[in-house]
Amino acid sequence: MFELKVITYFAAAHRLKMVAKKCENMHGHNWKIEACVGSKSLNSAGIIVDFGEIKKQVSEIIAKLDHCVLNELDFFRDNNPSSENIAFYIAKKLQGTIENNDIKVTSVTAWETEDACATYKPL
Ligand SMILES: [Zn+2]
């Protein structure tokens, strides 16, 4: 399988319910998002898809999270805005923008700090 990865960033605030006391207080992160898409085959140009196209799609998804209080967004009212759920949310939204059925989101990783991240890998 071939895989490509794009990296984007956004800044937002969140409050995590029932995790640890200090996480329950409103605080912010500069999230680093790694989004990977894969395909078993390449197109006639020898690529999975243009990096710019995936980067644009991820940027549009992230623009709706950037500088927000994540808890106030519809998806995160019912789902704790953890890095795990942020990765899941971006993976689902990104897959929805990809029209080529041969191209699948293989993973999305949300880095909350330099040394802590969560990954969602659709099966
Ligand atoms: Zn946090």
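**A four-stranded sheet and its helices**

User: How are the strands of the sheet ordered, and what sense does the pairing have?

Analyst: This is a predicted model. In it, four strands make an open sheet, in the order E1-E2-E3-E4. The pairing is antiparallel.

User: Which are the edge strands?

Analyst: E1 and strand E4 (116–120). Each of them pairs on one side only.

User: What holds strands of a sheet together?

Analyst: Strands pair through backbone hydrogen bonds, in either a parallel or an antiparallel way.

User: How many bridges join E1 and E2?

Analyst: E1 and E2 pair over 13 bridges, in the antiparallel sense. Take Thr8 as an example: its bridge partner in E2 is Ile33.

User: New topic. What is the full list of elements, from the N terminus on?

Analyst: The order is β-α-β-α-α-α-β-β. That comes to four helices and four strands.

User: How compact is the protein for its length?

Analyst: The radius of gyration is 15 Å, and the globule rule gives 14 Å for 123 residues. Those values are close, so the protein is as compact as a globular protein of that length.

User: And what does the C-alpha trace span?

Analyst: About 50 × 25 × 25 Å along the principal axes.

User: Where do the helices lie on the strands?

Analyst: Here are two of them. H2 lies across E1 and E2, and runs at about 20 degrees to E1. H4 lies across E2, E3 and E4, and runs at about 150 degrees to E3.

User: Now the core. Which residues touch the most other members of the largest nonpolar core?

Analyst: Ile90 and Val108. This core has 25 residues.

User: Which elements give two or more residues to this core?

Analyst: Three strands and two helices are named: strand E1 (2–14), strand E2 (27–39), strand E3 (104–113), helix H2 (51–63) and helix H4 (83–97). H4 gives the largest share, seven residues.

User: Back to Val108. What does Val108 touch?

Analyst: Leaving out residues up to four places away in sequence, Val108 touches Ile33, Ala35, Ala87, Ile90, Ala91, Thr119 and Tyr120. Ile33 is also the bridge partner of Thr8.

User: How much of the whole protein is buried?

Analyst: Buried residues make up 26% of the 123 residues.

User: Last one. What share of the contacts joins residues at least 24 apart?

Analyst: 67%, among contacts between residues at least 6 apart in sequence.

Methods. Residues are numbered from 1 along each chain as its sequence is written. This is a predicted model: local features need pLDDT of at least 70, side-chain atom pairs count only at pLDDT 80 or more; totals for chains, interfaces and linings use all residues. A nonpolar core is a set of buried Ala, Val, Leu, Ile, Met, Phe, Trp, Tyr and Cys residues joined through C-beta atoms within 7 Å. A residue is buried if 20 or more other C-beta atoms lie within 10 Å of its own, exposed if 12 or fewer, and partly exposed in between; C-beta atoms are placed from the backbone. Two residues are in contact if their C-beta atoms, placed from the backbone, lie within 7 Å. The radius of gyration is taken over C-alpha atoms; the globule rule is 2.2 Å times the number of residues to the power 0.38. Two strands pair if DSSP finds at least two bridges between them. Axes are lines fitted to C-alpha atoms, for helices over the stretch in contact, and angles run from 0 to 180 degrees between N-to-C directions.
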